[in-house]
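Biologist: I am new to reading protein models. Could you walk me through this one, step by step?

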Amino acid sequence: MSVSRIPRFYKLSVEERHVELRGRLDLDDDDLRILESGWHGSLSIDAANNMVENVISTHALPLGLGLNFRVNDRDYIVPMCVEEPSVIAAASNAAKSVRDGGGFTADADPPIMIAQVQIVGVPDTNVACVEILARRAELMAACDAAIPSLVRRGGGARGIEVRTLVASSEHEPGMLVVHLLVDCQDAMGANMVNTVAESVARRLAELAGGEPGLRILSNLADRRLVRVRCLVPLHALETKNFSGERVRDGVVAASRFAELDPYRAATHNKGIMNGVDAVVLATGNDWRGVEAGAHAYAARDGRYRPLAIWRVGPGGMLQGDLEMPMVVGTVGGTTRAHPGARLVMKLLGHPGAAELGMLIASVGLASNLSALRALACEGIQRGHMSLHARSVAMNAGASGALVEQVARELSELGDVRLERAVAIMARYTATSDALADAGE
Ligand code: MEV
């Protein structure tokens, strides 16, 4: 049986899931201890105190497994860290349908990041551009000299581009921005490209006859894109109430809605980021950077657009395509410093950054498919509500087996409000008090 299909995994207790994982993956006692203690339990207060400032504690979120994922003919179980009910189940469900069409196919650009150096007070922007580009070789060598260990690992400077932001005129001095393109290999790269920008800023300003301004990476990482495609056969889309054709056409119409309306595109992309962020967070990567890049890319031509679109593909199958920047690393940073994130990397089979990026984008496309499929057919609330009922039951004070029992009653009533859950809990408490009084 392939590793990413674990039928009835959701029916197991958490302890049974650990046993199942241990049997399938090469997990040792330390790994199991991390899972048992809770992912955040694996991060000591001491380690946390060394990561950020003013630490008073650590913060926990659920970590679950996205199942059924197959990307470029390789199976993955995907750790997902997210507080929203139904995200993991929905992504796993969509991944199963995609698997029926052969899985996701993905490709990634080389890991090129952009460092920006702003130059202000430029007397003649045309001359400055020529001066800078004429020293391309010298400047690239200076960039490489600032990051010797990255160069040893095969990365380093790959190009220099100059953009005029304000052309010099009688009324206003010119402003340029120089883009330094740096291949970051398997690192996320922020620190390295910032170092590069700072190390050559003065020389760039000198060549331009101006002053250096900001020196920082751009989160609009449009040189580090990933692309994912999936084809879903009609039989995998069919439900009890809807034919495969009906679901496919509903998803295509939902895609067109997002393509035509930025209000809808924002929500469409939020559904994609449900999956993307959950994996970015689980792997200890910078989800704010990925978010910033995604939305800037979605608006790159001046209008906010969906990151994924859906069409009728070959043989009438549903075809989904997603393209977005993906700035994640698998070496250095939190991915190494956080014991839980290290275990997540192990569960993923220690992917490189490009492989991880393609997997993350596939989870995003799966999340998008599951949302559009539900929205285009019976609506999102039914599935959502049965899962939401569990957290409402817990908020009303249920624990252990009562969570499931109260949640089931709420779902059957079709009323998943806290007041209703509190009333159900009061009934259970009264019954157990009465039994206790009767000495049972
Ligand atoms: C909810 O977290 C995400 C959705 O709103 C996405 C969508 O509307 O496509 C369901």
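Modeller: Gladly! Let us begin with a word we will need: a residue is called buried when its relative accessible area is under 20%. Keep in mind that this is a predicted model. Now look at strand E1, residues 63-71: seven of its nine residues are buried, so by that cut-off the strand is mostly covered.

Biologist: How many bridges join E1 to strand E2, and do the two run parallel or antiparallel?

Modeller: Seven bridges join E1 to E2 (residues 74-81), and the two strands run antiparallel. To see one pair, find Arg70: its bridge partner in E2 is Asp75.

Biologist: And where do the side chains of a strand point?

Modeller: In a regular strand, they alternate between the two faces of the sheet.

Biologist: What sits between the strands in the hairpin of E1 and E2?

Modeller: Two residues lie between the strands there, and Asn72 takes a positive phi near 50 degrees.

Biologist: Let us turn to the ligand. Which residues are around it?

Modeller: The general idea is to list the residues with a heavy atom within 4 Å of the ligand. Here they are Glu84, Arg264, Thr267, His268, Lys270, Gly271, Asn274, Ala371, Leu372, Leu375 and Ile380. By type, this shell divides into four nonpolar, four polar and three charged residues.

Biologist: Which helices each supply at least two residues of that shell?

Modeller: Helix H10 (262-282) and helix H14 (353-376) do. The largest share, six residues, comes from H10.

Biologist: How do I spot polar contacts with the ligand?

Modeller: Look for pairs of N or O atoms within 3.5 Å. A side-chain N or O atom of Glu84 is 2.7 Å from an oxygen atom of the ligand. For Arg264, a polar side-chain atom also lies 2.7 Å from a ligand oxygen. With Asn274, the distance from a side-chain N or O atom to an oxygen of the ligand is 2.9 Å.

Biologist: How much of the ligand does the protein bury?

Modeller: Taken alone, the ligand exposes 300 Å², and the protein buries 85% of that.

Biologist: Last of all, how should I describe the whole protein chain?

Modeller: Start with its elements: the chain has 17 helices and 10 strands. Its C-alpha atoms fill a box of roughly 90 × 55 × 45 Å along the principal axes. Of its 440 residues, 48% are buried. The accessible surface comes to about 20900 Å², and 53% of this belongs to carbon and sulfur atoms.

Definitions and conventions. Residues numbered from 1 in each chain as written. Predicted model: local features only at pLDDT ≥ 70, side-chain atom pairs only at ≥ 80, totals over all residues. Heavy atoms only, no water. Polar contact = N/O pair within 3.5 Å; in protein donor to acceptor, adjacent residues only side chain to side chain. Areas by Shrake-Rupley, 256 points an atom, 1.4 Å probe, with all protein chains shown as cover. Helix = DSSP H or I, 4+ residues; strand = E, 2+ residues; numbered from the N terminus. Nonpolar A, V, L, I, M, F, W, Y, C, P; charged D, E, K, R; others polar. Buried < 20%, exposed > 50% of the residue type's maximum accessible area, 1.4 Å probe, protein only. Pairing = 2+ DSSP bridges.
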